[in-house]
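User: I would like to learn how to read a ligand site. Can you take me through one, step by step?

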Amino acid sequence: MKRPFAMKRVPLLFTFALAAVFSVQAASAETLKTVKDRGMLSCGVSQGLPGFSSPDDKGNWTGLDVDVCRAIAAAIFDDPTKVKFVPLSAKDRFTALQSGEIDVLSRNTTWTLSRDTSLGANFTGVTYYDGQGFLVKKSLKVNSALELNSASVCVQTGTTTEQNLADYFKGNNMKYEVIAFQSADETVKAYESGRCDVFTSDVSQLYAERLKLANPADHVVLPEVISKEPLGPMVRHGDDQWFDIVKWTLFAMIDAEELGVTQKNVDEMAKSDKPDLKRAFGTDGNLGEQLGLTKDWFSRIVKAVGNYGESFDRNVGAGSKLQIARGLNQLWNKGGIQYAPPIR
Ligand SMILES: N[C@@H](CCC(=O)N[C@@H](CS)C(=O)NCC(=O)O)C(=O)O
């Protein structure tokens with residue numbers, strides 16, 4: 001009696017094990033397949049934040065966050081235009097990712113523990129190391145955030161900004177009145193019209209939003225940076241292959257800068273005999289294929305958007321209106337903390 005039962009159990013267990021292996025594989029290939037079938041990447045961005053993600057009057061999106069999505073599209077389709085940009089408010093961004101409306105969220109979003117766990121999503125890396133600051137009118141004659149006791153502060157809802165603001169004022173025994181809005185435009189308009197004394201957000205965003213004010217030079221960013229805001233792309237839990245693709249697309253941009261590969265010299269560099277370049281360009285090994293992409297995934301990315309430094313300069317740095325210094329976002333071997341694991 002015992003023996004046939006045991007024998008029946010073996011194939012049954014084997015079937016379960018096999019099913020488990022296949023279901024994992026099926027789940028892991030899902031997002032890439034969906035994107036390929038659709039012929040388009042769906043990318044969640046801001047509603048218009050110069051330098052990070054903003055549309056021109058013809059609806060062409062540009063920015064550092066936009067480049068990450070264009071790079072993913074280039075890696076998949078060899079075409080950085082195959083992206084549908086979905087503008088999202090701070091409040092709606094995570095629901096859009098959870099519901100599957102977007103494949104990736106690339107929208108100045110801060111990596112925190114609770115967001116990494118409770119939202120059913122994963123951060124894939126850091127596109128920009130930021131911190132929270134304060135913008136005030138010069139006419140207020142305030143030189144430090146510590147002089148803001150009893151100020152009214154404009155802030156956007158659904159952000160880490162709201163939480164840090166409370167911590168900072170409480171920690172420094174200062175009173176404040178919070179005036180919160182759903183969109184950046186409402187927040188900035190309220191600040192400009194004098195409904196509040198201070199506008200607070202990530203420092204990069206203060207620079208970006210200041211450009212929209214009638215007289216940007218009348219406003220000053222105070223020296224205090226009150227929080228850590230590592231901003232990066234997010235994907236849904238449960239699809240490791242997609243997680244790897246998004247993660248390694250950003251790493252490819254950062255590694256390309258470190259390897260000296262630029263939008264201009266990419267074809268020349270692809271012929272190099274150097275082992276690390278051969279691996280990146282797929283002339284040695286099959287790293288692109290391991291990601292579920294093609295051999296030339298790395299050159300596709302660099303051709304489309306350039307390396308990380310080029311994208312930074314063009315969108316937010318020296319070559320842009322924002323003129324933000326590289327600072328923390330400089331490569332690790334040049335005094336910053338931008339660091340990508342090796343392509344090998
Ligand atoms: N990094 C913070 C703040 C992100 C955020 O949404 N900031 C506002 C401040 S201006 C913004 O970018 N709004 C743009 C928009 O709503 O389109 C977070 O992840 O919560």
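User: How many residues surround the ligand, and which are the closest?

Analyst: Begin with the shell. A residue joins it if one of its heavy atoms lies within 4 Å of the ligand. In this predicted model, 21 residues surround the ligand. The closest are Gln47, Asn108, Thr110, Gln156 and Asp202.

User: How does the shell divide into nonpolar, polar and charged residues?

Analyst: Sort the shell by residue class. Here 5 are nonpolar, 11 polar and 5 charged.

User: Which polar side-chain atoms lie 2.8 Å from an oxygen or a nitrogen atom of the ligand?

Analyst: Look for N or O pairs within 3.5 Å. Asn108 places a polar side-chain atom 2.8 Å from a ligand oxygen. Gln205 does so at 2.8 Å from a ligand nitrogen. For Arg107, a polar side-chain atom is 2.9 Å from an oxygen of the ligand. As for cover, the protein takes up 99% of the 500 Å² of accessible area that the ligand has on its own.

User: Which pocket does the ligand take?

Analyst: The ligand's space is the largest pocket.

User: Which elements and domains supply the shell?

Analyst: Map the shell onto the fold. α6 (160–171), β11 (198–202) and α8 (203–210) each supply at least two residues. β11 gives the most, with 3 residues. Domain 1 (31–129 + 231–334) and domain 2 (132–227) each contribute at least three residues.

Definitions and conventions. Residues numbered from 1 in each chain as written. Predicted model: local features only at pLDDT ≥ 70, side-chain atom pairs only at ≥ 80, totals over all residues. Heavy atoms only, no water. Polar contact = N/O pair within 3.5 Å; in protein donor to acceptor, adjacent residues only side chain to side chain. Areas by Shrake-Rupley, 256 points an atom, 1.4 Å probe, with all protein chains shown as cover. 1 Å grid on protein atoms, 1.4 Å probe; cavity = no way out; pocket = protein on both sides within 12 Å on 5 of 7 lines; lining within 4 Å. Sits in = over half its atoms within 2 Å of the grid points. Helix = DSSP H or I, 4+ residues; strand = E, 2+ residues; numbered from the N terminus. Nonpolar A, V, L, I, M, F, W, Y, C, P; charged D, E, K, R; others polar. Domains from an automatic or database assignment.
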